[in-house]
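Q: Please give me a close look at a single part of this model. I should like to know what surrounds that part, how its ends are formed, and what its neighbours are like.

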Amino acid sequence: MASILDLLNTQTGEQLVNKASAKTSEDKSKITSVLGMAMPLILGAMKKNAKDPKGAESLDKALQNEKHNGEVLDNLEDKDPEELTNEGSKILNHVLGAKQSGVSKTIAGTLNIDETTVNNILEMAAPVIMGLLGQQKRKDNVGSSGLSSLLGSVMGSNDSHDQSFLETLLDADGDGSVIDDVAGMAFGGKKDKKGGSLLGGMLGGK
């Protein structure tokens with residue numbers, strides 16, 4: 001089943017890792033591990049927020065903004081890192097709020113990486129996640145009431161939009177190939193499991 005982590009195997013994912021590495025001077029494998037833990041967390045927080053009708057409306061309105069139409073996926077290489085982090089900071093403030101510090105500290109401690117570096121990576125990833133969601137929302141014509149299901153699909157936990165999402169990931173890739181299984185990724189099954197328990201802990205076991 002496709003999930004957000006498959007993005008790391010696409011050209012867009014590679015560009016995100018390269019940009020984050022250039023900005024933070026951190027090893028690319030560490031950045032991949034941070035993203036592997038952080039992206040499901042950010043989506044999980046969005047899904048939790050979307051369970052509340054007001055939260056769903058707020059996210060729906062944000063995704064309707066043309067800056068989240070998916071254009072960032074095609075032009076990531078040309079994006080200024082500062083522009084990404086500035087936009088990402090605003091997104092994370094809405095999505096995680098006061099929990100952002102705890103998320104960054106936990107990831108930093110788990111991967112033995114500087115907390116400021118983790119924050120920078122999260123901020124660069126957030127506009128990419130919003131662009132991916134905005135593109136998928138337009139593709140599947142999803143309204144605010146369907147966002148929880150869409151987020152679940154992007155997290156790899158249900159399949160109502162899965163085929164469409166897989167096609168989006170394939171479109172984002174340069175050569176049309178996607179690694180079949182998240183467990184086969186570079187950071188391995190162990191960290192993937194750890195990321196899962198982290199997600200449960202940060203979001204109250206949901």
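A: Helix 5 (residues 81–95) is the part examined here, and what covers its buried residues includes helix 1 (11–24), helix 2 (28–50), helix 4 (71–75), helix 6 (99–111) and helix 7 (115–140); contact here means heavy atoms within 4.5 Å. The model is predicted, with local features requiring pLDDT of at least 70 and side-chain atom pairs pLDDT 80 or more, while totals for chains, interfaces and linings use all residues. Residues are numbered from 1 along each chain as its sequence is written, and side-chain values use heavy atoms, without hydrogens or water.

The helix itself (a DSSP run of H or I, at least four residues, numbered from the N terminus) comprises 15 residues. From first C-alpha to last, helix 5 reaches 20 Å, close to the 21 Å expected at 1.5 Å a residue (1.5 Å times one less than the number of residues). Its buried residues (under 20% relative accessible area; exposed is over 50%, partly exposed in between, with a 1.4 Å probe and protein chains only) are L84, T85, E87, G88, I91, L92 and V95. Thus the buried set of helix 5 contains E87 and T85 alongside L84, I91, L92 and V95, and also G88.

At the N-terminal end of helix 5, D80 acts as a cap: one of its side-chain oxygens lies 3.2 Å from the backbone nitrogen of E82. Just after helix 5, G97 takes a positive phi of about 55°.

Helix 1, one of the elements that cover the buried residues of helix 5, has 14 residues. Its reach from first C-alpha to last is 20 Å, close to the expected 20 Å. Buried in helix 1 are T12, G13, Q15, L16, V17, K19, A20, S21 and T24.

Just after helix 1, S25 takes a positive phi of about 60°, a positive value in a residue other than glycine. S25 is placed in the loop between helix 1 and helix 2, and it counts as exposed because its relative accessibility is 67%.

Helix 6 and helix 7 also help to cover the buried residues of helix 5, and N112 is placed in the loop between helix 6 and helix 7. The phi of N112 is near 55°, again positive in a residue other than glycine. With 65% relative accessibility, N112 therefore counts as exposed.

Methods: Helix = DSSP H or I, 4+ residues; strand = E, 2+ residues; numbered from the N terminus. Polar contact = N/O pair within 3.5 Å; in protein donor to acceptor, adjacent residues only side chain to side chain.
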